[in-house]
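Trainee: I should like to go through this structure with you, one question at a time.

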Amino acid sequence: MIEFKLPSLGADMDQGKLVEWTVKPGDHVTKGSVVAVVDTSKSAIDVEIWHDGTVWELLTQPGETVPVGAVMALLLEAGETQEQALAWKRDHAAVPVAAYATAAVLPPAATVTSAPSTPAHDSPAAPAPPTLVSPAAPAARTRVSPAARKRAAELGVDLAALAGSGPEGAITIEDVEKTGKAGSAAATTPLNRMTEIRKTIGAAMTRSKREIPHYYLATDIPLARATEWLAARNTQCSVTERVLMAAVLLKAVAHALKRHAALNGFYRDGRFEPANAVHIGVAISLRQGGLIAPALHDCDSKSLDELMRGLADLVRRARAFTLRSSELSDPTITVTNLGDGGADLVHGVIYPPQVAIIGFGGVRERSWVEEGAVRAMPVVTASLAADHRVTDGHLGALFLADLSRSLQAPDKL
Amino acid sequence: MNTLGNKTTYREALREAHCDAMRADPRVFLMGEDVGKYGGSYAVSKGLLDEFGVERIRDTPLSELAFVGAGIGAALGGMRPIVEVMTVNFSLLALDQIVNTAATLRHMSGGQFAIPLVIRMATGAGRQLAAQHSHSFEGWYAHVPGLKVLAPATIDDARGMLAPALADPDPVVIFEHALLYNLEGELSGEWKSADIRSARVRREGTQVSLITYGGSLWKTLDAARELAALGIDAEVLDLRVLRPLDTAAIVASVRKTHRAVIIDEGWKTGSLAAEICARIVEEAFYDLDAPIARVCTEEVPIPYPKHLEDAALPQTPKIIAAAKAVLGK
């Protein structure tokens, strides 16, 4: 039996709301298949599965909010029979679904977020919460009194999960407050995604600033060669094939990280775990405010063209809220690029459990001294914030120097 | 005069108020149909002729248009007239004087002329006087800028509201529900500080605001008592002043209870109840926990037969049913 559990899609996630299943019982899935869409506080994510198997039973209903680690579905392994599955289930019948969740290791973030990681189910006998109406068939608008609607927003209560006791079955303040007091995780939902995004960013960044002893370095990097090289390269390409400086910078970071693996990985349980690949979390600001930093996978082995395509796709999907779960959980380091509209220098805050964040300010024309002469040149200020538990400023400085050197020979990237 | 201790009636309280006013100010006089020798259609002015004489207690011809107009003229001339109109139905004959002249002259004269006139009239149904003597047009008068409209519903207000009405430099219309004249009770000291600006909570409650005025107040208080026995804690707000409405008091009560039932003996369509409803929605929408309910008179001319008249009017059981409904019970 394979238990499909809600994965942690980032250090700041401790629960998720199932939007829909993209599989049904009987479907065969392979490693990497998208099986569900889950709404985290930041975004709706396509969640992948990491086993081959056949979907046997879907335990979570669309609309339900469950904690990270909760078993959402059961799948049959290759060769497993119905009888074996039923036997397995009998053995586990006494264990409420919630127990899976609490038994599962919650991500470290769960200890710092304000939301209680209460189980979604009281017991197997509890009545199933009403399922969300599919977008194709909108139901009649739920009757909610104005005061109840306002109160629900204040308490973060999901009105869809309530039964009304007022006139004509309308939801009243009392209905909302009863639920609000019970404070069950199932009843809370990101009513206002912006508020939730702020909350989750706040939780992750608070944890970062409290736990991680940051050190900060910055260096100015001349980009005359890279700019000229890129311009020349782009003139050979169609508009869709053109590469932006942002992709060049990412490629240079990946390149420099090869020699400074101590910046690429995770700090967990009191020790550093280097990562095998360079999955750069690219900070993407969302149009409504807030930001998300999904992974651009394997930046070290991708070509510049591949990186550019990947970056464009990632930005588009982040803003459309259609990221994949692996993209949220995989980043090994973060790059934040303020772009031309941004400031000159960013002092990054590390996204735990990563150990470094690299920042780029805007690329500006500045006076630059080279070979005894002053000339105007595009320059970017690159910064590094890194975890002092893992590395020291000396290594950080070497990394920035390597980064600068890489960008002076863009054709070799 | 006819009081035993503090025990009195609404009618006697009104009479006392008239006596006080006329003793205090020689400019005050009363005129209307049968107010003198007959003592008033509802006996409010009984005995006043003996004390104040024909100069100050004046019987008029049966022409509302003429004697309300004469009242306006007297007010312009420096007097402080009280004009009694037998019922609100008959006041429609004087509507031109009240709405086109009394309510407008201060504005049309650029503030040069004030009309310190008090017009009293009986209103309401319940005595089998049929359609032409039983209607409630308070809402019509409350529509008109330039007028103040009062609805004393208690003995204290009957006793206390006339003096501030007379002191007001502009026309004031006072509605006396015909069923209230025989209301018995005791005066509290409250009447001495009666104002003509504010609504008053007659019963504190937490779950639903019953908003009413005039003759419906007592039916509403009965309903609140019965609701309490059912475990529903109703607040009763007596509007007292229908123009200008005490919106702040209405909103404060609804903010507390989150539910409102408006009880108004006028017809529902285009009513004062509709205005109150609108103000609640405008100013307390996000405090509402249920749709607002109205208990008004059925949309028929008031019937003559007792059972039909009773059925047409707001009654205690209807108020109870409406309050339960907004609580989802």
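The questions and answers below concern confidence, the sheet and the chain contact.

Mentor: This is a predicted model, in which local features need pLDDT of at least 70 and side-chain atom pairs count only at pLDDT 80 or more, while totals for chains, interfaces and linings use all residues. Residues are numbered from 1 along each chain as its sequence is written, with chains lettered from A and ligands numbered from 1 in the order in which they are written.

Trainee: Over which residues of chain A, with 87 contacts beyond near neighbours in sequence, is the pLDDT below 50?

Mentor: Chain A averages a pLDDT (the predictor's confidence in each residue, from 0 to 100) of 81, and 84% of the residues score at least 70. The stretch with 87 such contacts (C-beta atoms, placed from the backbone, within 7 Å) and a pLDDT below 50 is residues 94-139.

Trainee: Which strands stand at the edges of the seven-stranded open sheet of chain B?

Mentor: The order is E3-E2-E4-E5-E7-E6-E12, with mixed pairing; strands are DSSP runs of at least two residues, helices (H or I) of at least four, numbered from the N terminus, and two strands pair if DSSP finds at least two bridges between them. Each edge strand has a single partner, so one side of each is left without a neighbour in the sheet; these are E3 (57-59) and E12 (241-243).

Trainee: Which residue of E4(B) is the bridge partner of B:Gly32?

Mentor: Strands E2 (residues 28-32) and E4 (residues 80-87) of chain B run parallel, joined by five bridges. In E4(B), the partner of B:Gly32 is B:Glu84.

Trainee: Which helix gives the largest share of the side of chain A that touches chain B?

Mentor: The contact takes 11 residues from chain A and 11 residues from chain B. On the chain A side, four residues come from helix H3 (residues 146-155) of chain A.

Note on methods. Contact = placed C-beta atoms within 7 Å.
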